[in-house]
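Visitor: I've got the sequence and the picture open, but words like "cavity" and "buried" keep tripping me up. Could you walk me through them?

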Amino acid sequence: MRSTWSSRARSWFGLAVVAAGCGDDPPDPCAEVTGACVALPAGTSAAEVDAAFNEAVDGVTLAFGAGRFAFTTDLQLVADGVTVRGAGQAATVLDFAGQTTGAQGILATGDDVTFEDLTIVDTAGDGLKIEGATGVTLRRVTVEWAGGTPSEANGAYGLYPVQCADVLIEACTVRGASDAGIYVGQSDNVIIRDSFASFNVAGIEIENTTRADVHDNTATDNTGGILVFNLPGLAIGNGSQARVFDNIVTGNNTENFAPAGNIVGKVPAGTGLVVLAANKVEMFGNTLADHQAAHVGIVSYLPIDEDPGDPSYDPYPTAVYVHDNVITGTSTVPNGELGALLILGISEYNGGAPIVVPHVTWDGVVDPARSTDGVYPPELRICVRDNGDGGFLNVNYPTGTAGSNPPIADNDASVVDCTLPPLPAVTVPGA
């Protein structure tokens with residue numbers, strides 16, 4: 001028996017009642033829900049859905065039936081412990097193609113929030129944004145734009161928890177985001193698993209986040225597959241401790257379609273895994289194939305901007321361990337701003353021979369304050385081992401120039417021939 005509703009929830013009792021006795025009536029969306037529930041069956045108006053979100057009480061379930069629900073403005077949810085559920089990703093579609101107001105499709109700011117079993121399409125901005133919440137579960141949620149067709153006009157982020165803690169994203173799909181499909185930023189304790197990202201600029205991105213496990217996902221046909229970034233100028237900086245493992249990352253060669261000025265716009269088309277200025281990153285057990293720029297890249301922020309303008313920001317990647325990945329296919333046509341850096345380094349190293357990018361590329365930048373003769377102490381080193389025979393490239397930026405001797409780039413893998421202790425698994429309550 002369902003719990004007693006508050007007066008606010010009771011005002012929506014009419015939405016929770018589905019007439020009985022008619023054989024053609026759709027099933028009650030609340031039929032399998034224990035506790036307070038507001039039913040949003042097919043035919044519920046946008047205004048009624050908006051009111052249900054605005055007036056949601058702590059612990060209530062907002063249950064959509066099968067059908068397509070069209071909106072011209074965003075939906076906002078502030079209560080704690082709310083579950084928003086649909087009848088399935090293929091059955092319940094929240095359609096924002098006619099949206100005229102709002103920076104995202106849905107914004108939730110309450111703790112212990114769950115979204116599951118629905119699809120969000122064609123939002124004017126971000127798809128589903130969760131901000132400042134402790135306890136986030138996104139399960140079997142699809143977000144896409146234009147049927148997954150890349151376009152600068154698409155929203156920036158698909159699934160977008162920011163400044164959150166205890167985040168679980170599983171069995172989700174995002175297509176067409178003009179920045180990152182599945183993005184978690186400035187957060188703590190994150191698991192992203194069993195999800196699919198395609199035709200986004202970045203398939204999956206972890207940014208300025210501490211303790212993240214990204215595993216058993218598929219990232220394909222994006223510009224870049226999976227990114228672990230630390231960026232300057234954010235409220236929460238210098239994330240640490242990300243494990244990226246057992247993912248399938250293939251064919252991420254879609255032309256970069258990020259709007260001008262976005263940092264992700266610097267990612268070359270044809271990039272698999274990238275570490276940018278992050279600390280304590282372990283990448284292992286991944287399957288990578290068929291990237292035109294770089295299967296694995298480890299870079300500092302300095303080639304992008306030598307003066308990040310944030311005195312607390314650490315622009316150097318440290319304690320990065322890339323090991324035991326299966327990598328196939330050669331990279332031959334790096335492009336974009338960082339791709340140009342690769343071309344310069346490789347052409348110098350190859351002495352004018354055709355460009356073939358080794359499987360793992362490092363820009364070679366180290367912090368002079370924490371290194372001796374360009375070598376970090378053991379706990380901060382960049383370590384690369386057992387990733388097949390595709391080779392390693394140290395671009396040695398910016399230690400040389402064209403025509404310098406020794407060359408600007410080399411394949412001396414001894415500088416990364418080391419190991420680091422495995423990072424601990426991330427634990428999220430209820431995962």
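Visitor: Which element gives the largest share of the lining of the second largest cavity?

Guide: Strand 21 does, with three residues. (Strands are DSSP runs of E, at least two residues, helices are runs of H or I, at least four, and both are numbered from the N terminus.) Before we go on, this is a predicted model: local features need pLDDT of at least 70, side-chain atom pairs count only at pLDDT 80 or more, and totals for chains, interfaces and linings use all residues. Residues are numbered from 1 along each chain as its sequence is written, and side-chain values use heavy atoms, with hydrogens and water left out.

Visitor: Which other elements give two or more residues to the lining, and which residues lie nearest the centre of that second largest cavity?

Guide: The lining has 14 residues, and those nearest the centre are Thr209, Val228, Asn230, Gly239 and Ala278. Besides strand 21 (240-245), two or more residues come from each of strand 17 (202-207), strand 20 and strand 24 (279-284).

Visitor: What makes something a cavity, and how many of 30 Å³ or more are there?

Guide: On a 1 Å grid over the protein atoms alone, a cavity is a set of points where a 1.4 Å probe fits but cannot get out, and lining residues have an atom within 4 Å of a point. The structure holds three cavities of 30 Å³ or more. The second largest has a volume of about 50 Å³, that is, the space filled by probe spheres set on points joined across faces, edges and corners.

Visitor: How do you know whether Leu227 is buried or exposed?

Guide: Compare its value with the cut-offs: buried means under 20% relative accessible area, exposed over 50%, and partly exposed in between (1.4 Å probe, protein chains only). Leu227 has 0% relative accessibility, so it counts as buried. You'll find Leu227 in strand 20 (residues 224-229).

Visitor: And what does Leu227 touch?

Guide: Skipping residues up to four places away in sequence, Leu227 touches Ala202, Ile204, Glu205, Ile206, Val264, Val267 and Val274 (contact means heavy atoms within 4.5 Å). Leu227 and Thr271 are 44 residues apart in sequence, yet 9.4 Å apart in space, C-alpha to C-alpha.

Visitor: Why does Thr137 get the label it gets, buried or exposed?

Guide: Thr137 has 17% relative accessibility, so buried is the right word. Thr137 sits in strand 10 (residues 134-144). Beyond its neighbours within four places in sequence, Thr137 is in contact with Val113, Thr114, Phe115 and Leu168.

Visitor: What makes two rings an aromatic pair, and how many pairs are there?

Guide: Rings of Phe, Tyr and Trp (its six-membered ring) pair if their centres lie within 6.5 Å; planes under 30 degrees apart count as stacked, over 60 as edge-to-face and the rest as tilted. By this rule there are eight aromatic pairs. Take Phe53 and Phe64, with 6.4 Å centre to centre and 50° between the planes: a tilted pair. Phe53 belongs to helix 3 (residues 46-54) and Phe64 to strand 2 (residues 61-64), so the pair ties together parts that are 11 residues apart in sequence. Both Phe53 and Phe64 are buried.

Visitor: Then why is the pair of Tyr160 and Tyr183 called edge-to-face?

Guide: Their centres are 5.2 Å apart and the planes make 75°, which gives edge-to-face. Tyr160 lies in strand 11 (residues 157-162) and Tyr183 in strand 14 (residues 180-185), so this pair ties together parts that are 23 residues apart in sequence. Both Tyr160 and Tyr183 are buried.

Visitor: Back to Phe53: which aromatic cluster is it in, and which residues of helix 3 are buried?

Guide: Phe53, Phe64 and Phe69 form one aromatic cluster. In helix 3, the buried residues are Val49, Ala51, Ala52 and Phe53. Their cover includes strand 1 (37-40), strand 2, strand 4 (75-77), strand 5 (83-85) and strand 7 (104-108).

Visitor: What makes a set of residues a nonpolar core, and which members of the largest one touch the most others?

Guide: A core is a set of buried Ala, Val, Leu, Ile, Met, Phe, Trp, Tyr and Cys residues joined through side-chain atoms within 4.5 Å. The largest core has 83 residues, and Leu62, Leu77, Phe115 and Leu159 touch the most other members. Apart from it lies another core, of 21 residues, including Ala180, Leu231, Phe257 and Ala277.

Methods
On a 1 Å grid over the protein atoms alone, a cavity is a set of points where a 1.4 Å probe fits but cannot get out, and a pocket is an open set with protein on both sides within 12 Å along at least five of seven lines; lining residues have an atom within 4 Å of a point.
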